[in-house]
Each structure stands twice: as structure tokens, then as C-alpha cells.
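This report goes through a strand, a ligand site, a helix and some salt bridges. The sequence and the structure come first.

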Amino acid sequence: MSRFFNRRFRELEAYVPGEQPQDKKYIKLNTNEMPYPPSPSVLKAINDESSSLNLYPDPSAAKLKAKLAEMYGVKSENVFLSNGSDEILSFAFMSFFDNGVSFADITYGFYKVYADLYGVNANIIPLNDDFTIDPEQYFGSANVVIANPNAPTGLVLLREEIESIIKSVSGLVLVDEAYADFGEVTCSDLVEKYDNLIVMGTYSKSRAMAGARLGFAIADKQIIDDLEKIKFSTNPYNINRLTMIAGIAALEDKNYYDECIEKIKTDRKFTTDELRKLGFEAADSNTNFVFARNPRMAGQTVYEELKKRGILVRHFSQKRIRDYVRITIGTHEQMQTLINELKNILEEA
Ligand SMILES: *Cc1c(COP(=O)(O)O)cnc(C)c1O
């Protein structure tokens with residue numbers, strides 16, 4: 001740390017993203033990326049657009065907003081776009097949570113980081129013993145951020161449960177739907193009904209574009225206007241040209257993504273079943289990952305042994321979940337390799 005760093009940041013603990021090793025080729029099951037490439041039409045659109053990179057992108061991102069609005073059955077004025085949905089979280093914590101915000105003890109790690117960065121008071125609510133969320137514990141909170149489905153547990157709250165929280169909270173409820181496309185539940189259509197709801201989505205998981213950095217929020221126009229004000233006060237061109245054009249093309253090839261999602265769901269079932277046969281405990285997941293523990297082996301050991309064998313999964317050191325590993329669903333072949341290696345590891349232990 002330099003002696004120039006502002007005092008308020010000296011204690012800040014930054015978010016630690018999952019490993020992106022550049023040294024050797026791993027089977028990457030650690031950051032919930034899609035194992036399949038973006039659709040061919042996305043690749044073509046990017047290629048066609050690349051000769052315009054000398055020009056700034058449209059700062060209002062009108063075309064992409066209109067497409068997303070159409071898809072979610074809202075108006076363009078209800079859509080905000082960002083450089084990854086992490087940026088929406090950043091703007092929301094910066095803009096809305098003066099009265100504090102409630103979120104779970106086991107959830108997306110960035111919520112705590114942004115609370116600390118922006119001096120927001122975090123009311124951290126423990127999950128139940130079975131890692132489910134008890135909606136009633138959020139009733140009457142000043143503001144709420146909730147990942148639905150939750151990460152890294154993969155468990156989901158029903159719409160009615162989310163709605164009961166929205167009704168009880170006078171401030172905002174931000175629902176982070178990074179994994180919603182892999183499950184059955186979305187609250188995006190509730191935005192019409194509640195002016196204190198933000199639903200957030202990302203292209204990083206179900207749309208195979210983690211590397212392009214594109215996230216979006218759907219909310220009441222006044223909330224969107226606030227987010228736009230922050231964006232135009234920090235980085236007006238937050239969506240670059242290639243990402244913008246890719247984002248539009250992806251929405252036009254829904255079939256491709258539906259097929260990818262179906263493959264993930266099939267292999268999620270395969271992986272969960274096989275893990276259970278090996279003695280792992282794993283709840284049914286609503287996401288593109290499985291959260292599992294083996295009573296015979298520490299989470300850290302599973303992680304290390306897999307890494308030695310060229311497979312990366314995610315392990316968290318937080319006390320409540322350190323027995324677990326989070327395994328992203330890759331291709332069928334990758335999951336078969338994972339299961340084979342786990343078999344070997346458990347036999348040798
Ligand atoms: C991956 C993820 C995000 C961030 O996604 P980006 O759009 O890549 O910034 C947000 N929330 C949760 C719960 C995630 O898992």
C-alpha cells in the first residue's frame with residue numbers, strides 16, 4: 001500500500017475472483033462460465049463490427065436496450081446496461097443503500113466488498129442450517145440484495161417468497177438473477193408491479209459471454225434514470241462496440257442458447273447423480289454449478305487433488321462452507337472426466 005492511499009480504503013479487502021490460470025490448460029469448472037462458445041451469429045457480428053472500433057459506441061446503447069426490453073416485456077426506459085453485472089452492483093451500492101442493506105452470510109462475495117467500499121452498513125443474515133433462505137428474516141429490512149438462485153448453494157426462493165420480501169421492504173430489493181436461466185424462477189416481470197424492485201441479469205453465464213462483460217438491470221424508470229446518472233458521471237461508454245453488437249446478436253439466436261442451457265441441465269443431473277453415488281452430498285441445483293461435500297474428504301483436499309489432476313473447481317475458506325466445493329457444469333466429457341478423477345482420488349485416500 002502506498003502512503004498516498006485514502007485512509008477510508010486502507011482496510012478494504014478486495015473481491016477475489018476464481019482462478020484464471022494462464023500457465024497450463026485445465027478443465028475449468030471453477031468460475032461458472034459456459035463451456036460452449038457464443039453462437040456463430042455472435043462471432044460474425046463481432047467480426048463485422050470490428051472495423052468501426054475507431055468510433056465511440058452509442059452511450060445510450062439504444063439498440064441493445066430495445067432488444068432486451070422486447071425480450072423481457074418491458075420498455076427501453078426500464079433497462080439499464082453495464083460492463084458486467086458487477087458494475088450494476090457497484091452503482092447500486094453507491095447510489096441506494098444509505099440506510100443499510102441486508103444480505104445472506106453465504107452468498108455472492110462481492111456484496112460485502114461493495115458495502116465496505118461505499119461505507120454501506122451490511123446487515124448479514126445467516127442462511128438456515130440447510131442453506132435455504134428464510135424470507136421472513138428479511139421482512140422490514142431497509143434494503144435487500146438477494147441472489148436468486150443463490151450462489152454458491154444453487155438453491156432458489158419461489159417468486160411468492162421474493163414478493164413477500166418486496167412488499168415488506170420500504171427501500172429497494174435487488175434480485176441478482178445471474179443464474180435464473182438455468183432454473184424455473186424469474187422476478188423480471190414483477191418490475192411492473194413494484195417500483196422498489198431491481199432485477200439484475202448477466203450475459204456471463206447462460207449467454208456464454210463472460211469475456212465480453214455485459215450485464216443488465218430491469219427496474220422502474222426512475223431507478224434506471226438514477227443508474228444512468230451515475231453511469232454518465234463515471235464511464236458513459238461502459239459498453240464497448242463489440243460487446244454491444246454481440247449482445248444484440250445473442251438475443252436473436254435464442255435457439256442456440258436454449259440448446260446450450262438444456263445440455264447444461266442434462267449434465268447437471270448426470271453430475272449430481274454420479275456425485276451422490278460417490279458418497280457426496282449435493283442438493284438439487286437450479287444453476288450451472290453443483291455445491292457438494294464428501295464427508296470422507298475436506299473441501300480443500302478435494303480442490304487440491306483435482307487441481308493436481310488438471311481440473312479446477314472452486315473452494316471457499318468461509319467456515320460454514322469449507323467442507324464444500326462448487327463445481328461448474330462443463331461439457332459431458334468434462335463431467336465424465338471429473339467423476340472418474342474423483343473416483344480415483346477417493347480410492348487412493
Ligand atoms: C457471476 C455473477 C455475477 C457477476 O457477473 P458479471 O456479469 O460477469 O459481472 C453477479 N452475481 C452473481 C451471483 C454471479 O454469480
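## Strand β8 and its partners

Strand β7 (residues 197-202) pairs with β8 in the antiparallel sense, over 5 bridges. Two strands are taken to pair if DSSP finds at least two bridges between them. Helices (H or I, at least four residues) and strands (E, at least two) are DSSP runs, numbered from the N terminus. The model is predicted: local features need pLDDT of at least 70, side-chain atom pairs count only at pLDDT 80 or more, and totals for chains, interfaces and linings use all residues. Residues are numbered from 1 along each chain as its sequence is written, and side-chain values use heavy atoms, with hydrogens and water left out.

In the pairing with β7, G201 stands opposite F216 of β8. Strand β2 (residues 79-82) also runs antiparallel to β8, joined to it by 4 bridges, and here V79 stands opposite I218.

How many of the residues of β8 (residues 215-219) are buried? The count is 5 of 5, and the strand is mostly covered. Buried means under 20% relative accessible area, exposed over 50%, and partly exposed in between (1.4 Å probe, protein chains only). Both faces of β8 are covered, with G215, A217 and A219 buried on one side and F216 and I218 buried on the other.

## The ligand site

The ligand is surrounded by G84, S85, D86, Y108, D176, A178, Y179, T202, S204, K205 and R213, where a residue is near the ligand if one of its heavy atoms lies within 4 Å of it. By class, this shell has 3 nonpolar, 4 polar and 4 charged residues. Ala, Val, Leu, Ile, Met, Phe, Trp, Tyr, Cys and Pro count as nonpolar, Asp, Glu, Lys and Arg as charged, and the others, Gly among them, as polar.

Polar contacts are pairs of N or O atoms within 3.5 Å. A polar backbone atom of S85 lies 2.6 Å from an oxygen atom of the ligand. Side-chain atoms make such contacts too: a polar one of Y179 is 2.6 Å from a ligand oxygen, and an N or O atom in the side chain of S204 is 2.6 Å from a ligand oxygen. Taken alone the ligand exposes 390 Å², of which the protein buries 93%. Accessible areas come from the Shrake-Rupley method with a 1.4 Å probe.

S85 and D86 of the shell are also among the buried residues of helix α3, which are S85, D86, E87, I88, L89, S90, F91, A92 and F93. Helix α3 (residues 85-95) has 9 of its 11 residues buried, so it is largely enclosed by the rest of the structure.

## Salt bridges

A search of the whole structure finds 23 salt bridges; each is a side-chain nitrogen of Lys or Arg within 4 Å of a carboxyl oxygen of Asp or Glu. Examples follow.

| Salt bridge | Closest N to O |
|---|---|
| E33 and K28 | 2.8 Å |
| K112 and D116 | 2.9 Å |
| E305 and R309 | 2.9 Å |

E33 is partly exposed at 24% relative accessibility, and K28 is partly exposed with a relative accessible area of 24%.

K112 and D116 are 4 residues apart in helix α4 (residues 110-117), so about one helical turn separates them. An α-helix has 3.6 residues a turn, so residues three or four places apart point the same way. K112 is partly exposed at 36%, as is D116 at 37%.

R309 is partly exposed at 26% relative accessibility. A network of salt bridges links E305, K308, R309, E341 and E348.

Note on methods:
Polar contact = N/O pair within 3.5 Å; in protein donor to acceptor, adjacent residues only side chain to side chain.
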